[in-house]
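Trainee: Can we go through this one together? I'd like to know what backs up each label before I use it.

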Amino acid sequence: MNKGRSRKRLTQALINRKGTTRKYGEEAKNCSLCDFFGEDSLALKAHLDTPRHLYNFMLNRFKTSRKRMVQDRHKVTVTVNCSTHSVEQLKDGTAKTKIRPEDTQVEYHFEILNTDLEKPVLLQKAQLMHPYSAFTISDEHNISSGETYARIHPESVYKVKVSFKNCGIGTYGVPVCMWLMKKKNNDKERFFQIIRVMVVNVVGPQTVEPLEIKDSPFTGERWWGMEQTVWGKMPDGPRASYPCATLFVVAQLDIKFGHSA
């Protein structure tokens with residue numbers, strides 16, 4: 001199989017439906033996803049093979065078809081494991097972990113399992129769907145570079161490693177896409193992708209500041225009942241409330257704001 005022709009056919013077949021613009025009767029030469037305006041259709045075809053367009057197309061497709069693209073299908077499953085931290089894998093394709101600031105680097109292993117008993121599946125590429133300096137992707141046979149393929153035989157697994165470099169307290173995330181091809185019963189090629197969204201939460205120690213009790217700015221007396229919610233009423237009866245809080249209004253407010261009892 002010609003590797004370049006297969007990828008080009010896959011990419012262009014998908015992109016020509018949604019990523020290009022043209023007037024009736026004209027050849028497509030512009031790409032609306034990337035704001036690319038080509039001189040002719042040849043310029044567009046060259047643009048469709050660029051990493052920029054591939055990133056933009058896949059991100060757009062992921063936004064509109066996430067529910068389907070995160071599903072294991074065609075007898076291929078993708079799981080995310082980590083030897084040092086637990087990984088929570090959600091139905092929406094998210095793989096979440098919590099680490100501490102002192103964990104300078106954490107490695108995750110994406111296991112692509114072919115559960116078919118007869119047919120192999122071709123892993124064409126494994127990639128981060130957008131560049132992110134905190135994440136790097138690699139594998140034993142350099143599939144992530146896009147220079148070669150990996151044939152996953154029936155009931156076999158191939159592993160792709162995603163390394164996270166700790167950049168401080170915060171939340172980091174990136175979608176990871178597996179490009180796959182499997183032949184149907186009629187020997188026609190079926191191209192599909194399975195995506196997992198890496199989310200890493202770097203959390204520090206939980207510190208709580210001691211509660212400082214201050215004097216009331218209205219009466220000069222100490223605040224009281226701070227651990228409870230108290231519904232207050234103005235002297236004339238209406239209940240005092242605020243969209244974000246419940247207020248206790250003391251009668252002395254009529255001195256400050258001129259409220260008549």
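Mentor: Sure, and keep in mind that the model is predicted. Let's begin with helix H3 (residues 51-69): it has 19 residues, yet its end C-alpha atoms are only 20 Å apart.

Trainee: What makes that span short?

Mentor: A straight helix would reach 27 Å at 1.5 Å a residue, and H3 falls short of that.

Trainee: Where is the kink in H3 centred?

Mentor: On Lys63, with a bend of about 70°.

Trainee: Which residues of H3 are buried?

Mentor: Among them are His53, Leu54, Phe57, Met58, Arg61, Phe62, Ser65 and Met69.

Trainee: On to the cysteines. How do you know that Cys31 is not in a disulfide?

Mentor: Check the distance: the closest cysteine sulfur, in Cys34, is 3.8 Å from the sulfur of Cys31. A disulfide needs the two sulfur atoms within 2.5 Å, so this pair is too far for a bond. The structure holds zero disulfides.

Trainee: Why is Cys31 called buried?

Mentor: Its relative accessible area is 2%, and buried means under 20%, so the label fits. Cys82, at 14%, is buried by that cut-off too.

Trainee: What makes strand E13 (residues 189-202) largely enclosed by the rest of the structure?

Mentor: The count: 11 of its 14 residues are buried, so the label follows.

Trainee: How do you know that E13 pairs with strand E6 (residues 94-99)?

Mentor: Pairing takes at least two bridges, and six join E6 to E13, running parallel. Lys98 stands opposite Asn201 in E13. Strand E12 (residues 170-183) pairs with E13 as well, in the antiparallel sense over 14 bridges, and there Tyr172 stands opposite Val200.

Trainee: What sits in the hairpin of E12 and E13?

Mentor: There are five residues between the strands, and Asp187 takes a positive phi near 70°.

Trainee: Which residues touch the most other members of the largest nonpolar core?

Mentor: Tyr108, Phe110, Leu123, Phe135 and Met198, out of 33 residues. Strands that each supply at least two residues of this core include E6, E12 and E13.

Trainee: What does Phe135 touch?

Mentor: Leaving out residues up to four places away in sequence, its contacts include Leu128, Val162, Phe164, Tyr172, Met198 and Val200. Apart from that core lies another, of 12 residues, among them Phe62, Cys177, Ile195 and Val199.

Note on methods:
Residues numbered from 1 in each chain as written. Predicted model: local features only at pLDDT ≥ 70, side-chain atom pairs only at ≥ 80, totals over all residues. Heavy atoms only, no water. Buried < 20%, exposed > 50% of the residue type's maximum accessible area, 1.4 Å probe, protein only. Helix = DSSP H or I, 4+ residues; strand = E, 2+ residues; numbered from the N terminus. Expected span 1.5 Å × (residues − 1). Bend = angle between axes of the 7 residues up to and from the residue. Core = buried A, V, L, I, M, F, W, Y, C linked by side-chain atoms within 4.5 Å. Contact = heavy atoms within 4.5 Å.
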